[in-house]
Amino acid sequence: MGQSFREQADALLNWVEDYFARIGDYPVRAQVKPGEVLAKLPEKAPETAEDFAHILAGLKDTLPGVTHWQHPRFFAYFPGNVRPESLLAEIALAAQGANAMLWETSPAATEMEMRTTDWLRDAMGLPNNWSGVVQETASAATFAAVLTARERATGGIANREGLTGCPPLSLYVSAEAHSSIEKAARMAGLGSASVRVVDTDDRLAMDPTRLRSMIEGDIAAGRKPAALMITAGGTGTGAFDRAADLMPIAREHGLYVHVDAAWAGAVMICDEFRPLFCGVEDADSFVFNPHKWLGVGFECSVQFLKNPQEQVDAMTVKPVYLESIDGVCNYCDWSPVLGRRNRGLKLWMVLSLVGLDAIRSMIRDHIRWTADCAAALKRCDGFEVVTEPRLALFTFRYKGDAETEALLHAINADGYAYFTKTNVAGRPVIRWSIGSWRTTEEDVGATLERLQTLAFTV
Ligand SMILES: *Cc1c(COP(=O)(O)O)cnc(C)c1O
């Protein structure tokens, strides 16, 4: 009782250091049953202050209920990295506790966000007249893009009067597009039916000819084409739409173009991977998540805009209490939400303390290990690589569907590594996604062995 903030913080930092030191020993995916953690927590809020040591013990007690996203053998979803430098930044920004909604509610936050998103834009070779904003997640950026597309397509009527009287709008996606687009369409009042799925080619890229004929068919049927949503690194298998082939069609019809590069966009800091993104420089909006590969802790998603004013016009509502001086950037007007944390501070600290060079070599390592790992898996009995590596993601199966599901269950229950699945051509496959800064080549090799051992048991 009565410990100072400093004593409590020291104790907590010791705990964090210890957690980091042992993180590779924990089962990656939480091993608890639903309700198990809940049952350990008191049913009522404490009336009087508790001892910090008691709370620290409680924190340790919940560890079996934690899925360790910072584990070196987290190969599920896409890793959400928190480099220690990002943790330091979190302490500083939480200490300030600033709401960076308007320039004047924390000018340092706004200007740091402006500067660091410019850093990233330039490091990624994106057009130098684009401007960046940090949204909490890619889903939020995509929602903003859909709202902006809706306003463009309805000439601002949707915001003023609602959608009654507007023709039904269409948003074009491939089947590899992320579910956040359909969710955004629902939230924007366009309905799931507005999401028009364009057929893909044998590499799972949107087919430009099919896009054109779908747009023409929609116009003939009285729909209004509003947006093209380009997938640059899909979640399932890492599929890339070829932006350069799609952009002329989008331009012809005045479509708003949003690029979802939430995972893969980070590789643009390496010159050699940029050809995958050829054509995105003509888009209106581009999102990628520093909270995935770059190691800037969740949440930190950067949206670049060719013409921010269009999004600002779609987003701005100005009551008297939010009036501000002219000629400054009020980032709340760039977002569907008002309050916002100083996430630029995280970008600034991580990029400054780690440096782009170290991040580039990590990304190159991950991509090389992925290629080697897929090649090695092909030589293992019963294993089949189903989709070839796209950057640091490939998919595989073991024998039939039942064995593949059983192997996935076995490795996740084992706790040595963590994988998730997707479907390819209607059949389940296991995704292997390398992207944690803690992962080593040894982790990959050892996991390959563990998979072979477990394969005998399924
Ligand atoms: C991760 C991911 C998303 C969702 O990102 P959030 O930041 O969690 O909203 C969307 N699209 C793609 C391609 C992704 O990889």
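**Notes on two sheets and a ligand site**

1. Let me start with helix α14 (residues 401–414), which lies across β8, β9, β10 and β11 and runs at about 35° to β11. Helices (H or I, at least four residues) and strands (E, at least two) are DSSP runs numbered from the N terminus. Angles run from 0 to 180 degrees between N-to-C directions, with axes as lines fitted to C-alpha atoms, for helices over the stretch in contact; contact means heavy atoms within 4.5 Å.

2. A word on the basis: this is a predicted model, in which local features need pLDDT of at least 70 and side-chain atom pairs count only at pLDDT 80 or more, while totals for chains, interfaces and linings use all residues. Residues are numbered from 1 along each chain as its sequence is written, and side-chain values use heavy atoms, with hydrogens and water left out.

3. The strands under α14 belong to an open sheet of 4 strands, ordered β8-β9-β11-β10 with antiparallel pairing (two strands pair if DSSP finds at least two bridges between them). β8 (383–390) and β10 (420–424) are the edge strands, each with a single partner, so one side of each has no neighbour in the sheet. From one strand to the next, the twist averages 35°.

4. Inside that sheet, β9 (residues 393–398) and β11 (residues 427–433) pair in the antiparallel sense over 4 bridges, and Phe 396 stands opposite Ile 430 in β11. Helix α13 (residues 356–378) also packs on the sheet: it touches β8, β9 and β11, and its direction makes about 160° with that of β8.

5. The other sheet is also open, but with 7 strands in the order β1-β7-β6-β5-β4-β2-β3 and mixed pairing. Here β1 (131–135) and β3 (195–198) stand at the edges with a single partner strand each, so one side of each is left without a neighbour in the sheet. The twist averages 25° from one strand to the next.

6. At the β1 edge, the partner is β7 (residues 301–305), paired in the antiparallel sense over 5 bridges. Val 133 stands opposite Gln 303 in β7. Helix α11 (residues 308–315) lies across β1, β5 (256–260) and β7, at about 110° to β7.

7. Now for the ligand, which 13 residues surround; the closest are Ala 138, Ser 139, Asp 260, Asn 289 and Lys 292. A residue counts as near if one of its heavy atoms lies within 4 Å. By class, the shell has 4 nonpolar, 7 polar and 2 charged residues; Ala, Val, Leu, Ile, Met, Phe, Trp, Tyr, Cys and Pro count as nonpolar, Asp, Glu, Lys and Arg as charged, and the others, Gly among them, as polar.

8. You may want to look at these pairs. An N or O atom in the side chain of Ser 139 is 2.5 Å from an oxygen atom of the ligand. A polar side-chain atom of Asp 260 lies 2.7 Å from a ligand nitrogen atom, and one of Asn 289 lies 3.0 Å from a ligand oxygen atom. Taken alone the ligand exposes 390 Å², of which the protein buries 87% (Shrake-Rupley areas with a 1.4 Å probe).

9. Two backbone spots deserve a glance. The peptide bond from Phe 298 to Glu 299 is cis, with omega near 0°, and Glu 299 is found in the loop between β6 (285–288) and β7. Tyr 77, in the loop between α3 (52–61) and α4 (84–96), has a positive phi of about 35° although it is not a glycine. Most residues other than glycine have a negative phi, and most peptide bonds are trans.

Notes
Polar contact = N/O pair within 3.5 Å; in protein donor to acceptor, adjacent residues only side chain to side chain.
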